[in-house]
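Please find below my notes on the model under review. They are set out as numbered points, to be read alongside the structure.

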Amino acid sequence: MVSKIKTLQEAIAQIPDGSSILFGGWTVARKPMAAVFELIRQGKKELHLLANPAGPCADLLIGAGAVKITETNFIGHEVLGIPYGFRRFFEKGGLDKTGFLHDDWTVMTGALRILAGSMGVPFIPAKSLRGTEIIDPEHDLLADLRGKSKKLPNKKVQFIEDPFWDEGELLLIPAIKPDYAIIHVQLVGDKGTVRIDGGNFLDYYAAAAAKHTIVTTELVTTEEYLQKHPELNSIPSEFVNDIVEVPYGGHPTVVHGAYDLDFEFYNKMVDATKKEETYQQWLQEWVKDVPDHMTYLEKLGVRKILALRSDPGLGYNAFLKRKP
Amino acid sequence: MMKAYNLRESMAVHASRQIKNGEKVIVGTGMPLVAAIIAKNCHAKDAVILMEAGPYNSNPAALPSCVADPRGFVGAPWVADPVQMMGMILQQGRIDLGFLGGAQVDMYGNLNSTVLGSYKNADVRLPGSGGASDIGALAKRNLIIIAHEKRRLVEKVDYLTTPGWKLYPYKDGKRIQGALVDRSELGYQGGPAAVVTTMGVMKFDADTKVMYVSEYYADLDVTLEMIKENTGFAIDTSRAKPVVPPTEDELYILRNVADPEKIFM
């Protein structure tokens, strides 16, 4: 059997420009940041990003000019500040100027769309969204591409009267069928069995929905070890195509039980994204002039890496200074 | 004279009082989390705190900085994934109270967390709904927490992200321009029960579904005139009463248990 273990460069190099990528994790938690930086390093273009919800994974790629389309319910940094990349491309004529396209959804409907994708069904009903502007076709920035692009559903939503139980009107929403899923986890067996510690978010469904799943991991272990407690495992190797070992590959987001959110680094990063010029400088310093993830970690430094470590029992670092 | 507490602390305490003991409350990042932790440590010890990222019956020892922070997962008896928490528990209608924030709230309690200005040429792009739109539609009751400013409490939201009392009807997939429909006509239960601000507690008229001032922070020298000046529509103050001020216990919990690091305060 061919090994699934790849380097980060190899795993990302196989992704063609224009691919749709579904990121695992949640806003500023367990995001596959080393992979995001490698996508920027390799100069990927016209990406179609999905995440439920997105954080720096989308904002940094949009700001870097690597993104054509996003479909998600949220792009932000939570308490850590404003998503300046997203804002620059969206606000005040930005959409017209850049050609960037965004499709707004919600956590529940996004989750159900990924669930539908994971089940191999083309759509699923949902009770929310009606009455809001999220489904207003006037706001559908993807309207011109629907029916033409194979990566997009022909319509955003379809109203339907419950044909089975007379429960009234609801919406059908389309499955998400990404080319790639990229998720970052704590532990993977050498054949691809995944064990996630803490919140799993939608990573299981994402891995099952994608045509090709890349799992970056803090550590690769033996399948024999993971087989001692199969009930603790989160994703079967069935849904995993590539395994990439990247310790601290979620930095600066938080990875449950491994390391906490790097507030200091994160705040500086968001500050840098405020202006195109300062963001380009930041990208030069932390991504483009850094040949690989190991060099990124060397630049981060052993003191920082050790200071962020989480208590594996608590899941976080109880003594981390969260405010400057 | 320097007051013993400020408007923002009052907002957190009065929001916490809206949570009843034993209720299942789904909270978002920020002030809702702070208020829920105050409630759980004061009058609502049996409240069940849920977060859309997964924590079920969370009782954190340290304030989570977001709903996916490991601090929210520790000590919970079960961790859901968002299909389970939102697609099942919320969509079944099992959640008593949704606790939401936003950039704008209108006279009917509709929330905007998407754009300021027009959608395609926005003045400000906000992060987006997250789970707010689903929670606003499907929880049994909603509570909104927002700073009391004229640009935030508006007659009509720039973009209707999250359902309040009066929503936009659609026909053949297209929005019927200028029309509003009661949320109950779309089959949604509940609706916003209160809007807790930095000036007081607003509620909604049972018949008209329009927001009015129910209580105000007279203890912090807030006047009804100030509320009128800082509200973007003509708000009814005729039913307003001074609030019962925060207790020492509530303030102690807020400052020493809920958010001692001042992450959100």
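1. In this predicted model, the buried residues of helix 3 of chain A are A:P56, A:C57, A:A58, A:D59, A:L60, A:L61, A:I62 and A:G63. Since burial extends to 8 of the 8 residues of this helix (residues 56-63), helix 3 of chain A is largely enclosed by the rest of the structure.

2. The backbone immediately following deserves a look: A:G65, just after helix 3 of chain A, adopts a positive phi of about 80 degrees.

3. Helix 7 of chain B, spanning residues 248-258, has B:E250, B:I253, B:L254 and B:A258 as buried residues. These residues cover an arc of only 100 degrees around the axis, which places them on the same side of helix 7 of chain B. On the face turned away from that buried side, helix 7 of chain B carries the exposed residues B:E248 and B:N256.

4. What covers the buried residues of helix 7 of chain B? The cover includes two helices of chain B, helix 1 (7-17) and helix 2 (31-41).

5. Turning to the contact between the chains, 58 residues are contributed by chain A and 55 residues by chain B. On the side of chain A that touches chain B, the elements giving two or more residues are helix 4 (84-90) and helix 6 (107-119) of chain A. Helix 6 of chain A provides the largest share of that side, 6 residues.

6. As to composition, the side of chain A that touches chain B comprises 28 nonpolar, 17 polar and 13 charged residues.

Definitions and conventions:
Residues numbered from 1 in each chain as written. Chains lettered and ligands numbered in written order. Predicted model: local features only at pLDDT ≥ 70, side-chain atom pairs only at ≥ 80, totals over all residues. Buried ≥ 20, exposed ≤ 12 C-beta atoms within 10 Å, placed from the backbone. Helix = DSSP H or I, 4+ residues; strand = E, 2+ residues; numbered from the N terminus. Arc of directions from axis to C-beta. Contact = placed C-beta atoms within 7 Å. Nonpolar A, V, L, I, M, F, W, Y, C, P; charged D, E, K, R; others polar.
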